[in-house]
Structures are given as structure tokens and as C-alpha cells.
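Trainee: Before I rely on any label in an annotation, I would like to set the value beside its cut-off and see whether the conclusion follows. Could we go through this structure in that way?

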Amino acid sequence: MPIYVLLVGGDEPLYDTATRLIGESPLKLVAVPDPDTALNALAGVRFDVLVGGAMADDAMFERFLVAARELQPGLHVIDARKIGSAPPRRYTKVRKPAAALLPALLA
């Protein structure tokens with residue numbers, strides 16, 4: 001059964017890197033540009049993980065998270081701003097901070 005990941009925000013480098021890292025894994029990535037579209041997606045599909053890309057810098061991010069968790073209480077949230085640590089050696093060819101995305105999703 002696939003793990004559904006919702007990437008919110010117009011963070012193209014993060015999206016590109018996440019797409020490459022996820023590849024043929026059981027993760028299914030869905031990217032949306034804004035919180036309204038994300039809430040619509042959360043209302044219709046059961047997601048396992050939500051990744052806040054560029055929108056994580058938005059002042060409305062906390063309100064968005066409250067609404068997202070009301071729609072899907074078990075949703076695991078990853079703030080892309082907090083995954084800027086050095087990647088494991090096997091991901092060193094991938095740009096930071098997105099290099100840490102896949103291990104964070106699978107944790």
C-alpha cells in the first residue's frame with residue numbers, strides 16, 4: 001500500500017529533489033501550490049505525510065496546520081525549513097535541504 005505525501009507550497013527545488021528521491025519507492029507524491037488547494041486535497045484523499053515547502057514561511061502556516069490536522073488527525077507533518085542538516089553520505093549528490101527529505105518521510 002503506498003504512502004501518500006502532500007507537498008504544499010511552490011518550492012520547486014524541494015519538489016524536484018523529492019521526486020528524484022522518491023522514485024520507485026512506495027511513496028506517492030502530490031504537490032499543490034497553496035494551502036487552499038492542500039485543504040481540498042486533504043478533504044478528498046487520505047494522506048500520511050504533509051511537507052510544508054515554501055509556504056512554511058507564511059504566517060498562516062500554523063492555522064493551516066490546525067485545519068489540516070482537523071481533517072486528518074493522524075497526519076505526520078514535516079517542516080521543510082527544519083531538514084537543512086547535512087544529508088547522509090548516500091545522498092551527498094542531492095541538494096540540501098531536500099536531501100534529508102526521504103529519510104524524514106520514512107522515519
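Mentor: Let us begin with R46, whose relative accessibility is 52%, and keep in mind throughout that the model is predicted.

Trainee: Why is R46 called exposed?

Mentor: Exposed requires over 50% relative accessible area, and R46 counts as exposed because its value is 52%.

Trainee: What makes R46 and D48 a salt bridge?

Mentor: The rule asks for a side-chain nitrogen of Lys or Arg within 4 Å of a carboxyl oxygen of Asp or Glu, and in the pair R46 and D48 the closest N and O atoms are 3.7 Å apart, so the criterion is met. By this rule the count comes to one salt bridge.

Trainee: Why does D48 count as partly exposed?

Mentor: Buried means under 20% and exposed means over 50%, with partly exposed in between; D48 is at 25% relative accessibility, and therefore counts as partly exposed.

Trainee: Where does V45 lie, and why is V45 counted as partly exposed?

Mentor: V45 belongs to the loop between α2 (35-44) and β3 (49-52), and with a relative accessibility of 38% it counts as partly exposed, because that class takes in what falls between the 20% and 50% limits.

Trainee: What makes V45 part of a nonpolar surface patch?

Mentor: Patch members need over 30% relative accessible area and no salt bridge, and nonpolar side chains are joined within 5 Å. V45, at 38%, is one of the residues that make a patch of about 200 Å², together with Y4 and V30.

Trainee: How do you know that Q72 is buried, although its place is in a loop?

Mentor: Q72 sits in the loop between α3 and β4 (76-79), but the class depends on accessibility, and at 7% Q72 counts as buried because the limit is under 20%. Apart from neighbours within four places in sequence, Q72 is in contact with L42, V45, R46 and F47.

Trainee: What makes the approach of Q72 to F47 a polar contact?

Mentor: The side chain of Q72 reaches the backbone nitrogen of F47 at 2.9 Å, and the cut-off for a pair of N or O atoms is 3.5 Å. The same cut-off applies at the start of α2, where a side-chain oxygen of D34 comes to within 3.2 Å of the backbone nitrogen of D36.

Trainee: How do you know on which side of α2 its buried residues lie?

Mentor: The buried residues of α2 are A38, A41 and L42. They cover an arc of only 100° around the axis, which puts them on the same side of α2. An α-helix has 3.6 residues a turn, so residues three or four places apart point the same way. The cover over these buried residues includes β1 (3-8), β2 (27-32), β3 and α3 (61-71), while the face turned away from the buried side carries the exposed residues D36, N40, A43 and G44.

Trainee: What makes the buried residues of α3 a single face?

Mentor: In α3 the buried residues include F61, F64, L65 and A68. Seen down the axis of α3, its buried residues fall within an arc of 100°, and so they line one face of the helix. Among the elements covering them are β1, α2, β3 and β4, whereas E62, R63 and E70 are exposed on the face turned away from the buried side.

Key: Residues numbered from 1 in each chain as written. Predicted model: local features only at pLDDT ≥ 70, side-chain atom pairs only at ≥ 80, totals over all residues. Heavy atoms only, no water. Patch = residues over 30% accessible without salt bridge, like charges linked within 9 Å, V, L, I, M, F, W, Y side chains within 5 Å. Areas by Shrake-Rupley, 256 points an atom, 1.4 Å probe, with all protein chains shown as cover. Helix = DSSP H or I, 4+ residues; strand = E, 2+ residues; numbered from the N terminus. Buried < 20%, exposed > 50% of the residue type's maximum accessible area, 1.4 Å probe, protein only. Arc of directions from axis to C-beta. Contact = heavy atoms within 4.5 Å. Polar contact = N/O pair within 3.5 Å; in protein donor to acceptor, adjacent residues only side chain to side chain.
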